[in-house]
Every structure is written in structure tokens, then in C-alpha cells.
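Grab the viewer and work through these exercises at your own pace. Try each task before reading its solution.

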Protein chains: 2
Amino acid sequence: MDVGSHGSRLDPWVGSYARRAATMTASEIRALFAVASRPEVVSLAGGMPFVSALPLDAVSGTIARLVTDRGAAALQYGSGQGEPRLREQIAGELMPLVGVATHPDDVVVTVGSQQALDLVTRVFCDPGDVVLAEAPSYVGALSVFAAYQVDVVHVPMDDEGLDPSALRATLDRLAAEGRRAKLLYTIPSFHNPAGVTQGSARRAEVLAACVAAGVLVLEDDPYGLLGFDGVVPRALRADSEEGVVYLGSFSKTFAPGLRVGWAVAPHGVREKLVLAAEASVLCPSEFAQQVVSAYLSEQPWWDQVKGFRELYRERRDALLRELAAQLPEGTRWTVPSGGFYSWVTLPDGLDATAMLPRAVTARVAYVPGTAFYAGPAKALGRASLRLSYCFPEPERIREGVRRLATVVEAELDLQATFGPSLGVRARGAVEVPGPETA
Amino acid sequence: MDVGSHGSRLDPWVGSYARRAATMTASEIRALFAVASRPEVVSLAGGMPFVSALPLDAVSGTIARLVTDRGAAALQYGSGQGEPRLREQIAGELMPLVGVATHPDDVVVTVGSQQALDLVTRVFCDPGDVVLAEAPSYVGALSVFAAYQVDVVHVPMDDEGLDPSALRATLDRLAAEGRRAKLLYTIPSFHNPAGVTQGSARRAEVLAACVAAGVLVLEDDPYGLLGFDGVVPRALRADSEEGVVYLGSFSKTFAPGLRVGWAVAPHGVREKLVLAAEASVLCPSEFAQQVVSAYLSEQPWWDQVKGFRELYRERRDALLRELAAQLPEGTRWTVPSGGFYSWVTLPDGLDATAMLPRAVTARVAYVPGTAFYAGPAKALGRASLRLSYCFPEPERIREGVRRLATVVEAELDLQATFGPSLGVRARGAVEVPGPETA
């Protein structure tokens, strides 16, 4: 996994790079995508939505009409803030689903919500600034924070999500050190990678702690509509217009290949985000935005979301049943009530990072827990791994778990013979309840 | 033009922004886009290509087939470096046109070439670093440099483009001050905004000066295929694989609404760019890339480029003829041999920035020259303005120039009565020959 090193070729520009370039390193997920794309490997690694479930002929017709009827506008430059009609649909149709009343003026369309993460960090964070993030946290956000030389401080979570008392303790500790966090980056619903969801009481506590400490909440919510019981959790943003930047995405409910996400931001922040976006890409793709807008208005998109929920629930069930049936005692995992992921913690002493090459040899791929922690905290993830059930068919998921179980059993045999590969038990990772099935 | 100020609303986060946020300000072009969109105004301001000339029914068919036949792949996440087939087409079909032999591995697809500008600056420039740029330079690049707190040093150009002796003098001066420029940002062909093109002898001199000084050349070439005499200028990159990052774009030859551009970079730089791109947007739109790729393989795209050349040549001719017929003595302009723009310098004493509100009142819009200079150098652009002939029909262009001439005449009358509005004659701007027509 030494992608990003210069290998044996000489780089004449090695003395010219910015300081931040030193912190731009390849994530574990990046190298894995190459490995996991081999057809014989069951990939439980990537977070690719199952876009084959979309009605492609109908989508094709919608897009063809768009180009024929309004192509000259759809293929032209657009507004830096995003297509006005799409912003109206986001404010009028999407945001009320998560309990948020907002105006199209406060919506900024971005190149996937990844760009929104980049822009918020660009606007708020100088090198050395502190950002709080769950332990574990989304690997793509950690890449952004690394690129801006931000100091990520992880806050423990359990099976109900981010722990408010741990958050308060962290804020107090930072205050005692004379440091203030600029942002709390959090995924309250159907967490990536932890697969847990925060209840409403905890959300209120998190918000109150951040307001008291003057910390802006960056609420990332790509999976909010994909709850398996049909309930859409109320966003933090619904209870604080000025204290939260909310990030939404069409990548999981429609199509990631369009790269259309959005931010809903306090007024002053929104203006900065638009300026940063214009410098960064001039404007998001007008064509992709008009495709999304036409899809929302012409196609039964809400039925499609319900269809995705059913599809992913079936796959989650397949995963959980097979984990319970196959994984050895001492293995624990979270039970996601929505989204794409379960977080698995291996029996004491096993190391998911060290085990990965053997898993790939056994033709199953996952993302090791270390990918979801920043800097020195990476060690906290060594006992854990993320399993994705979003893309493979249920039978492939079951086969993947069977292969994984074989690898874990073999690791336990090795440990019984040679001692643990993880000398010290990792702490600070998600504390999960014992094995359960849905 | 106080877009970007917080107006009367209180921003509770004003104390939390990063230092770089202070340098993110609205460009003159941004405010102008709002004004110029009124139908009664003849806009000679924006650089929008005339996408209505595309065969929209054929494009619609190509895209519909793409979604029907390969939608599940086209709507999915893609590679951070860009779609392999499109990179092959760029390396195999596009780059040879500008004299460049390259491998698809050294191509990075970006969200328009604007994102490539952002990524190169991100990878190379710390706050306070020096970037050299032509005087005047592309406003979007100046926005990027401002966002990264870069110190832009302008280098004079004349009607043959960037002046190599001025470049050498600037490099010597910087060396004497103990400073080194990280990048030279240059648009050698059909310059935006100056409308001039550099000959091959000068290109060699520029390259030699940069190699000697250890300065990476960032060659921006969105207009290279749009030369009116049918000759495609040879790129700087063709003569230096290690010393140049080349930026290309489909925005002017196909459709800006797709946001597909690319960088061809030295190997080590390319790796950094991919990492920076992944942190920034995960991957460019797979859908937009596959649309471009299908367009290149299914449609007669080279004939379309030739059609665009004819269309823009006709509009340039309309502009130049009307300038010669209408503008008062003492007005000068460049004669573009390709691209979208002519750079007009007003008679002595007139101020294009101060004149703009009166021009808009007279229902014609342009971009004042100050937009194309960074920081304190802005004053160098006050006597000049950029006229775009790419979007309006020839009759509208002629009407726009007639309105502009009326405004300039009125300014001269005012000056004759009350004295010059520009106390000191601006220097350092493009030195252009006297009025000519094509």
C-alpha cells in the first residue's frame, strides 16, 4: 500500500511542493478498490450503491428529453451556487423529510458532498486547527482534514452513536489546553463506518455542547433517507439554523456518478462556501444538476428510495445472519438500522489490518478499521473492520462472510499457537453490544 | 459590487474563519453575470461558448444509448484519476493535436480545468509563495491563487504574448530578493483576456527561462483548437515533459455544463494531483466523462470543432469591423487569431471600471480590465476592458459595439470638460498595436 510514494522514479519537483502535500497520502480504501475489483473477490469493502436497481430505460428517456428540449441551457455554464430549480427542490422536497425548513438561497450545490466537506474545511480551518470527529469516522472526511493540515481529535461513540459526555469531556480538555475546536464533524444517522444511529436525546445534547463551546457542527447525512424501518431521523440542523452546516447527497438515493450533493448553511457561511466553490470549480455541472432535477420531477423518486431501503435491508439481513452463523465467539458487530455498513470487532488479539492480505487471498475484501482514524489514533482501529452490504447480492454476501470466517478462524489458530498479533487491546473504538441478528 | 460582504446580517461565525477566507472575494465577473443576464443588455462580458451550435438531437441519442446500455457503470463512482477510456482518448486523439506525446497514465481528468488549477496550486503553493502570471491574466486563475494566499507577480506581455525578456528580468529580480517562483501560469494560445498568441520562438525562450530558474510551467490551453486559420499552436508541453503541467478542457470544444477538463503532468506531480483530487471530490463525474467519451467516439467531433472555428471567426470579424468603424481615435484593441476575446484599451485618461455602470445603463456589458490583475496590480487594468464575441450573434455584437462607442464618446466629452478620470496613465498592461481589422 505504498501508492503515493515516488517509487524508483526521480521527481524533479520534490523540493517545490507545498507543506500540505506531505499530508496527502493514499487511503487504504484507494488501494483496496484496485484489489476488490477483481471478479473472484467478494468485496465487502466499497460503499458503492446498487445503481442497477434504477429504472435505466426511464432515466434514459428523461435525460434524452432534457438534452433535446433544453440542451443549450443544460450543457452551458451555470451558477456557482447551483441550479436555482434544483435548490428549490432540495429546500422544498428533500430538506423537510429530515425536519429542516430552509430557503433555496441557503442551499449550495456541490460536486458530491465530498466537495462540500472540502469547502467547509477550506473556509474554516487553518493548519493546526482542531476538528472533532467520531471514533471511527468517514475516511473521505479524514482525507480532507489531512489535506488542510487539520488536527483531528476523535471522540468516542458507542452503539447509540457519538457519546455526549465524552464530547463534553473532550471540549473541556481542549479548553484547558487553550485550544478550541473549529468544527464537530458527525454522521448521526446510519454512520459510516460504524453502522450506528444517534437518538434524539443525544442529538440535543451534542448540539447544546457545541453551541456552548462555539463549535460549528458539520452534519453529514448521505444515508438519512435509507432507514430500514421507514423512519427518517430528524437532522441536527432542524434544531439549529445558525449552528449547523448540513450536508446532503444524491449519491446514495439516486446516482453517485453524477456527483451532486449539497450543503445547507447559515447565511454568512453560505456566502463563503459559494466563493470557495467558484474558485474551486467555477460551478458544479449544470448538466448533472438538471438531470437530477428532471429525475426528481419526472420519475417516482420516493418509491425508488423505498425500493433501495428494501434492497439494502435484505442485504443487511443476509450479512447479519451469516455473521451470527459463521463468525467465531468473541467477534462483535453493530446492527445497522439503515445505511450501508456494519462495524465488526474481531476476537481479542486479532489485527484486521494484518489479516487483510490473507482475507484477499481467501477472496474476500473489507476495509480495515485503521482507515477510519486520523494519525496516531489509527492504532485504535486495528481490531476492527468495516463490512459493506450495499453492492453485492445476498448470496455473494453470505459467501463473503463464509470466507471471512475461515480467515478469522485461521488467525485464531495462529494466535493459539504463536500468541496474539495485537499486543495491546485497542481502546477507544466503537463499543458494541454482543452479537445480535435483526 | 459588494457581493461577499455580510451586508446587515450578523454572522456568528465571523471569528471562526480560516485566514484564507479573508482573501476569498467576489470577482467582478461574478457580479456582472447577474447584470449581463438581462435580455435587453448586449453582453460582451461572459465567456460562454455557443453550445446551441451543437447537434443536440444527435447528442441526446448518444447519451440515451449510454444510459440504456451502460447506465449502471456510467452512474456509479469512478476512478479518482478519471475514466480510463477517456484518458486514452485524451492521450491518443487530443494531445497529439497540440504536438504532445503522452501516456493515459499521465492524464488526470478534472472538474473542468478550473479544478486542475485549484489542485496544482494546492499541491505546490504555501501561503506567501510566488506565482508568475501574465499581465493581464485569467480571472478564474487569480481567484484560485487568492484562495491559496499566493503572491501573484504579473509579467508584461505584448501583442505576441508573454515577453521572455520581461520574464527573465522578473526571475532575476525575484532571485535578487531571495524569492523563487513556484509556478509560471500562462495561456500561450488565444489568451484570455488579452486575445494574443505566442509564437514558437518565444515559447522556447519562456521554457528555457523557467527550466533555468526551476519554475514549473502551468500551461492553460482551453482554446488551442479554436484557431481561425486552422493551425493548432504547438503546446509548451510538447517540448518539455518534466517542466510543464498542461491543462486542457472540453468546455470550449464541446460543453462547459459537463465540467470535464484534464491535466497532463510529470509523473510525480500527477500522483500528487490524483491524491488531492480524491480528497477534494473523490472522483470526477463518471457520467459526464462517459458522455464526453461517447461523444468523441460516436459523433464527428472534429467537424464540430471546425464549425465552432467558423462561427467564432465570423463573430470576431463582426467585432473588429465594428470597433474600427465606431470607436473613437485613441482606442486600441488586439486582433485575436483564435479563441473568444479581444482586449480593448481606451483613449488616454478614460477608466473602464468607472465607465462600466454607464455602459450597463446603455445596455452593453464588458469585463473591466482590473478583473484580470491581482491585488495592487489591479490599477494596471483600469484603462482596459475585455470584449467577448463568443456568445452573441454578429448583429448583436455590432449593436453592442455601437452602444459601447456612444458611452466612450460621452466619456471623452466629459473628460474634455472636466479633465481625465484616470489621473495617471496605466502602465504594464498589454501593449497593443494601433487599430487594425482582420
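## Exercise 1: Two unusual prolines

A:Pro136 sits in the loop between strand 3 (130-135) and helix 5 of chain A. Helices (H or I, at least four residues) and strands (E, at least two) are DSSP runs, numbered from the N terminus. Before going on, note that this is a predicted model, where local features need pLDDT of at least 70, side-chain atom pairs count only at pLDDT 80 or more, and totals for chains, interfaces and linings use all residues. Residues are numbered from 1 along each chain as its sequence is written, while chains are lettered from A and ligands numbered from 1 in the order in which they are written.

**Task.** Find which residue is joined to A:Pro136 by a cis peptide bond, then find which one is joined that way to A:Pro193.

**Solution.**
- Step 1: the cis bond at A:Pro136 links it to A:Ala135, with omega at about 5°.
- Step 2: for A:Pro193 the partner is A:Asn192, and omega is about 10°.
- Step 3: look up the second spot, and you'll see A:Pro193 in the loop between strand 6 (181-186) and helix 7 (200-213) of chain A.
- Step 4: hop over to chain B, where the loop between strand 6 and helix 7 holds B:Phe190. Phi of B:Phe190 is near 55°, a positive value in a residue other than glycine.

## Exercise 2: Two helices side by side

**Task.** Work out at what angle the axes of helix 6 and helix 7 of chain B cross, and which residues meet there.

**Solution.**
- Step 1: take helix 6 (residues 164-176) and helix 7 (residues 200-213) of chain B; their axes come within 9 Å and cross at roughly 10°. Axes are lines fitted to C-alpha atoms, for helices over the stretch in contact, and angles run from 0 to 180 degrees between N-to-C directions.
- Step 2: that makes helix 6 of chain B roughly parallel to helix 7 of chain B, a label for angles under 35 degrees.
- Step 3: from helix 6 of chain B come B:Pro164, B:Leu167, B:Arg168 and B:Leu171, which meet B:Arg202, B:Glu205, B:Val206, B:Ala209 and B:Ala213 of helix 7 of chain B. Contact here means C-beta atoms, placed from the backbone, within 7 Å.
- Step 4: sort the residues of this contact by class, and you get six nonpolar, no polar and three charged. Ala, Val, Leu, Ile, Met, Phe, Trp, Tyr, Cys and Pro count as nonpolar, Asp, Glu, Lys and Arg as charged, and the others, Gly among them, as polar.

## Exercise 3: Tracing the sheets

**Task.** In chain B, find the order of the eight strands in the open sheet, then the order in the open sheet of four.

**Solution.**
- Step 1: the eight strands run 2-9-8-7-6-3-4-5, with mixed pairing. Two strands pair if DSSP finds at least two bridges between them.
- Step 2: at the edges are strand 2 (107-110) and strand 5 (161-162) of chain B, each pairing on one side only.
- Step 3: zoom in on strand 6 and strand 7 (residues 216-220) of chain B, which run parallel and are joined by four bridges. B:Thr186 stands opposite B:Glu219 in strand 7 of chain B.
- Step 4: add a helix. Helix 4 (residues 112-124) of chain B lies across strands including strand 8 of chain B, to which it runs at about 155°.
- Step 5: the four-stranded sheet has the order 10-11-14-13 and antiparallel pairing. Its edge strands are strand 10 (332-333) and strand 13 (367-368) of chain B.
- Step 6: two bridges join strand 10 of chain B to strand 11 (residues 341-345) of chain B, and B:Arg332 stands opposite B:Thr345 of strand 11 of chain B.

## Exercise 4: Domains and copies

**Task.** Find how many residues of chain A are in contact with chain B, and what turn lays chain A on chain B.

**Solution.**
- Step 1: start inside one chain. Chain A is divided into domain 1 (20-53 + 304-418) and domain 2 (77-298), with bounds from an automatic or database domain assignment.
- Step 2: the C-alpha centres of these two domains of chain A lie 25 Å apart, and 34 residues of domain 1 of chain A are in contact with 33 of domain 2 of chain A. Helix 10 of chain A gives the largest share of the domain 1 side, six residues.
- Step 3: now the pair of chains: 75 residues of chain A are in contact with 75 residues of chain B. The chain A side has 39 nonpolar, 20 polar and 16 charged residues.
- Step 4: a turn of 180° and a shift of 0.0 Å along the axis lays chain A on chain B with an RMSD of 0.0 Å. That is the relation of a two-fold axis. Copies are superposed by least squares on the C-alpha atoms of residues with pLDDT of at least 70 in both.
- Step 5: in chain A, the C-alpha nearest the axis belongs to A:Ala64, 2.7 Å from it.

Notes
Contact = placed C-beta atoms within 7 Å. Parallel < 35°, antiparallel > 145°, perpendicular 65-115°, else oblique.
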